Amino acid sequence: MDRPELTIGAEGIDTERLVRSIRESVEEKLKSGFYNDPAVARAERANIAHITSDEEFLTLFLENLRDSAFVDINDFEITERRKTLAGLLVTFKKLVWKTLKFYTYRLWSQQNQVNGIMLAAMEGMHSSFRQRVSELEKRISELEKKNGTQ
Amino acid sequence: MSRMRLAFIAPRLPSGDAVGGAETLIKHHAHLAGELGHDVTLLTTCATDHYSWTNVIEPGRRTVQGLEVEMFPVDEKRDLETFLTIQESIMKGRQVSPEEEQAWLDNGINSSAMIEHITSGAGGYDLVMAGPYLFGITVAALRAVPEKAVLIPCLHDEPFATLEVFRNLLRNVRGIMFNTSPERDFASSLTRGKLPANEVVGFSVPEAAADVEHFRKTRPVRTPYVIYSGRREPMKGTPLLLDYLRTFRKRNEIDISLVLTGKGEVQLEDGDSEWVYDAGFLSEEDKLSAMAGSLAFCHPSTFESLGIVLLESWMAGTPCLVHAGSAVLTDQCRKSNGGLWFRCYPDFEEELLTLISSPVLQATLAKNGYDFVRKEYSREAAKKRLGGILDRLALG
């Protein structure tokens with residue numbers, strides 16, 4: 001088999017250091033909004049239990065959720081790639097979309113309302129708990145200093 | 001070292017595709033103990049399927065791969081509704097009473113015939129070693145002979161582990177064989193440091209020369225690919241891996257594939273079949289070849305007491321990417337310098353891009369892992385560790 005030629009402990013290969021440097025890079029990119037992408041939020045759906053214990057990623061997740069919480073019910077450009085009967089097909093598609101929109105508008109608008117309320121509630125809870133935890137941490141630190149346990 | 005009569009208990013006999021990590025590990029320990037000169041019998045059930053637990057093999061004694069094996073039927077009378085109701089409560093983190101814990105174990109996997117065999121003294125065993133921890137059969141067997149009881153817990157941080165019945169078991173057996181140091185640390189945290197005689201025995205991986213090209217040439221796989229081997233189910237993190245790779249491909253426009261080996265259903269979405277290749281259950285040779293040909297082995301599970309597949313992957317010359325939520329897998333990568341660990345998608349993306357762009361890094365991680373496995377997980381090293389704890393237990 002092809003065995004790698006490099007020796008153990010080769011210069012620059014310390015996984016602890018490498019992971020730390022990758023995380024620093026990720027944190028920079030997070031700040032720049034590089035991961036503000038609904039696809040990232042979706043990718044984390046099976047990882048919620050783990051990222052909720054990490055303050056920074058919970059914030060990222062909520063930001064992504066904000067970007068993707070609302071279903072787009074606006075009109076969009078309807079086109080047809082086939083040349084034959086293109087005009088007729090576009091008209092037909094527009095008719096189908098108008099009909100669908102008419103019958104599903106109430107459903108989508110209610111869903112958007114629910115999504116919006118839930119997102120606001122989650123953000124409110126997140127913010128309020130973060131503030132409470134921060135206050136409690138401050139109090140514990142003061143008490144520890146007072147008792148000389150720190 | 002005095003020769004002892006040892007019984008190892010595994011819920012199923014690992015053979016063919018009826019393989020669980022814990023059962024494989026227990027069979028491995030039984031073989032090693034035999035090589036150390038002890039008189040070993042593997043006690044197991046007649047079931048092969050870990051969902052139905054139907055008795056499909058004739059009970060009785062036989063020799064399997066050089067090991068004396070005695071098989072007992074699983075108790076068929078169990079209240080599955082009670083079992084599942086309590087199990088759901090435990091999994092959701094609800095408080096359950098000691099009576100409910102016991103009812104859950106009683107209605108789980110048990111074998112009265114095996115317990116009768118152990119308590120009757122028919123086998124004349126000096127020590128009875130059983131695992132993994134969360135089976136009724138394990139708890140009942142070890143409770144039946146506490147002065148001879150040795151637990152092979154295969155423990156990891158999950159709601160079941162925090163039950164009082166298991167904390168008591170960890171405290172009250174005669175000895176414990178752990179798979180990794182993080183597993184021992186976790187057990188120690190559950191018992192507030194009150195553990196009996198114990199040792200991190202680990203595992204051994206045979207030397208193997210993996211053929212890098214064989215799998216790639218004989219299967220319709222596109223390179224580069226990452227690989228996952230083992231049971232495919234939510235608890236093992238396979239849906240997470242699919243989500244991550246789907247997103248990675250879309251965001252980075254890199255045509256990377258995923259090869260899956262092992263058993264279990266995979267929920268694919270439209271378009272996934274273009275880049276996901278399900279190789280199913282493979283022979284050891286083919287599995288190693290598939291690992292050897294991959295960019296990295298990815299283990300997205302957070303519920304592991306030892307990543308045997310990580311060891312195999314390093315033996316095949318492939319680095320690993322693991323979920324940082326598993327203290328055990330992260331520890332293996334950290335100690336070996338043979339893999340990286342991710343907390344979330346952004347970490348995963350950055351690490352995979354780093355591996356793709358740096359063949360030198362990929363090769364170095366692989367080499368580090370390979371050296372680590374040869375040193376720490378050789379048969380001799382594992383035998384020494386197992387022999388050590390058995391000697392200590394023999395001395396009482």
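B:D347 has its place in helix α13 of chain B, within a predicted model of a complex of chains. This residue makes a good starting point for a newcomer, as its contacts reach across to the other chain. Setting aside neighbours within four places in sequence, B:D347 is in contact with A:I22, A:R23 and A:V26 of chain A, and with B:F342 of chain B. B:D347 counts as buried because 21 other C-beta atoms lie within 10 Å, where 20 or more are needed for that label. Elsewhere in chain B, B:V212 is 135 residues from B:D347 in sequence, and the two C-alpha atoms are 28 Å apart in space.

The contacts of B:D347 lead on to the interface as a whole. In total, 35 residues of chain B are in contact with 33 residues of chain A. On the chain B side, the elements that contribute two or more residues are α9 (238–252), α12 (327–336), β14 (339–342), α13 (345–357) and α14 (359–376). Of these, α9(B) gives the most, with seven residues. By residue type, the chain B side divides into 15 nonpolar, nine polar and eleven charged residues.

Helix α12(B), one of the elements on that side, also has a buried part of its own. The buried residues of α12(B) are B:V328, B:L329, B:T330, B:Q332, B:C333 and B:S336. Just after this helix comes B:N337, whose phi is positive, near 55°.

Turning to the strands of chain B, an open sheet of eight strands can be followed in the order β3-β4-β2-β1-β5-β6-β7-β8, with mixed pairing. The edges are taken by β3 and β8 (197–200) of chain B; each has a single partner strand, so one side of each is left without a neighbour in the sheet. On average, neighbouring strands of this sheet are turned by 25° against each other, direction ignored. An example of parallel pairing is given by β1 (residues 5–9) and β2 (residues 39–45) of chain B, which are joined over five bridges. In this pair, B:L6 stands opposite B:V40 of β2(B). Helix α1 (residues 21–35) of chain B packs on the sheet and touches β1, β2, β4 and β7 (175–178) of chain B. The direction of α1(B) makes about 160° with that of β2(B).

At the β3 edge, the pairing runs the other way: β3(B) and strand β4 (residues 67–72) of chain B are antiparallel, again over five bridges. Here B:G60 stands opposite B:M71 in β4(B). The two strands form a hairpin with two residues between them, and B:Q65 in the turn has a positive phi of about 45°. Strand β3 (residues 60–64) of chain B is hardly covered, as the count of buried residues among its five residues is zero.

Chain A looks quite unlike this sheet. It has five helices and zero strands, so its elements, read from the N terminus, run α-α-α-α-α. Buried residues make up 10% of the 150 residues in chain A. Among contacts in chain A between residues at least 6 apart in sequence, 62% join residues at least 24 apart.

As for confidence, chain B averages a pLDDT of 93, and 98% of the residues score at least 70. For the complex, the predictor gives an ipTM of 0.81 and a pTM of 0.77.

How values were computed:
Residues numbered from 1 in each chain as written. Chains lettered and ligands numbered in written order. Predicted model: local features only at pLDDT ≥ 70, side-chain atom pairs only at ≥ 80, totals over all residues. Contact = placed C-beta atoms within 7 Å. Helix = DSSP H or I, 4+ residues; strand = E, 2+ residues; numbered from the N terminus. Nonpolar A, V, L, I, M, F, W, Y, C, P; charged D, E, K, R; others polar. Buried ≥ 20, exposed ≤ 12 C-beta atoms within 10 Å, placed from the backbone. pLDDT = per-residue confidence, 0-100. Pairing = 2+ DSSP bridges. Axes fitted to C-alpha atoms, helices over the stretch in contact; angles between N-to-C directions.
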